[in-house]
Amino acid sequence: MAAPVLRQHLLPLGGLVAGLVVLPKQSAFAEEPVADPVKEIRRKKSIYDYDEPSPREIANTTPPPASGITTKPQEQEQQQEQSSITRRPTPTDKLAAQIRSGRLAAHDYAVRAEDAVNNGMTRFMSAEHSFTSTVASLAPPKESNEKLLPGGIYVLVAAMAGSIVSRNRNILLRFVTPIITGTVTANYVIPRTTENVGNLVWQYEKKFPVVADNHIRARDGIRHFIETGKAHSQMGLAMAEEKVQGVRESVQDWVKKGR
């Protein structure tokens with residue numbers, strides 16, 4: 001009984017082994033083999049690749065608003081309702097407002113202080129420039145060959161001499177005599193510098209019309225007095241020359257008669 005059973009099980013197994021040995025070894029493919037497998041893999045599209053829909057397609061598939069009345073979403077309506085409700089300021093908001101006002105006030109004060117400093121510096125620089133230009137304008141030109149050092153000393157000596165001469169006179173004469181002697185000496189020793197000083201004084205006097213008018217009158221009176229004095233001196237000199245000429249002629253006649 002055992003032999004027929006073994007024969008039934010061993011014969012099919014032996015036939016299968018013999019068939020595997022006899023048949024040629026070839027690979028069985030479900031599809032036709034390709035020449036370049038890598039290129040074929042790259043050509044195939046992955047199952048995870050998909051085309052993104054356009055905005056128009058998304059808009060067409062978007063459902064209408066839940067309210068069904070307005071075209072705006074409910075979130076925008078809620079935001080408008082919240083913004084319409086008045087909210088009381090918190091302590092933080094009040095503190096921020098106070099800090100803001102304080103910063104603005106400090107900035108305004110700083111700007112005003114800066115403007116004041118700038119204006120002060122501008123006025124100071126203008127005054128300095130005016131002073132330096134005025135002093136420079138008083139100096140005589142180089143071609144005049146005027147020297148201020150000896151000329152100024154001469155003017156001071158002349159003014160002191162006038163003060164000494166009028167020391168026993170009244171107060172008006174003691175005040176006027178040094179000025180006259182100093183001015184005359186300055187016009188003779190340093191004429192260009194004296195002219196520049198006179199022009200500067202005249203520029204300041206023009207700001208006060210009354211002083212300018214009195215100056216003009218005094219100057220005209222002095223000029224008239226000087227011109228009159230010159231004319232009288234010339235007339236006196238001419239008369240003296242005539243007298244001397246007459247005396248000379250008389251003496252000559254007397255000498256001739258004495259011979």
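User: What does buried mean when one reads a helix in this predicted model?

Analyst: Buried denotes a relative accessible area under 20%, whereas exposed denotes one over 50%. The model is predicted. In helix H6, the buried residues are Gly151, Val155, Ala158 and Gly162.

User: Why do the buried residues of H6 line one face of the helix?

Analyst: An α-helix has 3.6 residues a turn, so residues three or four places apart point the same way. Viewed along the axis of H6, the buried residues fall within an arc of 65°, and therefore they line one face. Leu149, Leu156 and Met160 are exposed on the face turned away from that buried side.

User: What covers the buried residues of H6?

Analyst: The cover includes H7. Thr185 belongs to this helix, which comprises residues 171-189. Beyond residues up to four places away in sequence, Thr185 touches Tyr154, Val155, Ala158 and Ile190.

User: Is Thr185 buried or exposed?

Analyst: Thr185 has a relative accessible area of 19%, so it counts as buried. Its side chain reaches the backbone oxygen of Thr181 at 2.7 Å.

User: How does one check the length of H6 against its number of residues?

Analyst: At 1.5 Å a residue, the 18 residues of H6 (residues 148-165) should span 26 Å. The end C-alpha atoms of H6 are 25 Å apart, which agrees.

User: Which residues is Leu200 in contact with, leaving aside its neighbours within four places in sequence?

Analyst: Leu200, in helix H8 (residues 191-205), is in contact with Thr134 and Leu138. Leu138 is 62 residues from Leu200 in sequence, yet their C-alpha atoms are 8.1 Å apart. With a relative accessible area of 23%, Leu200 is partly exposed.

Key
Residues are numbered from 1 along each chain as its sequence is written. This is a predicted model: local features need pLDDT of at least 70, side-chain atom pairs count only at pLDDT 80 or more; totals for chains, interfaces and linings use all residues. Side-chain values use heavy atoms; hydrogens and water are left out. Helices (H or I, at least four residues) and strands (E, at least two) are DSSP runs, numbered from the N terminus. Buried means under 20% relative accessible area, exposed over 50%, partly exposed in between (1.4 Å probe, protein chains only). A polar contact is a pair of N or O atoms within 3.5 Å; within protein, one must be able to donate a hydrogen and the other to accept it, and residues adjacent in sequence count only if both atoms are side-chain atoms. Contact means heavy atoms within 4.5 Å. The expected span of a helix is 1.5 Å times one less than its number of residues. The arc is that of the directions from the helix axis to the C-beta atoms.
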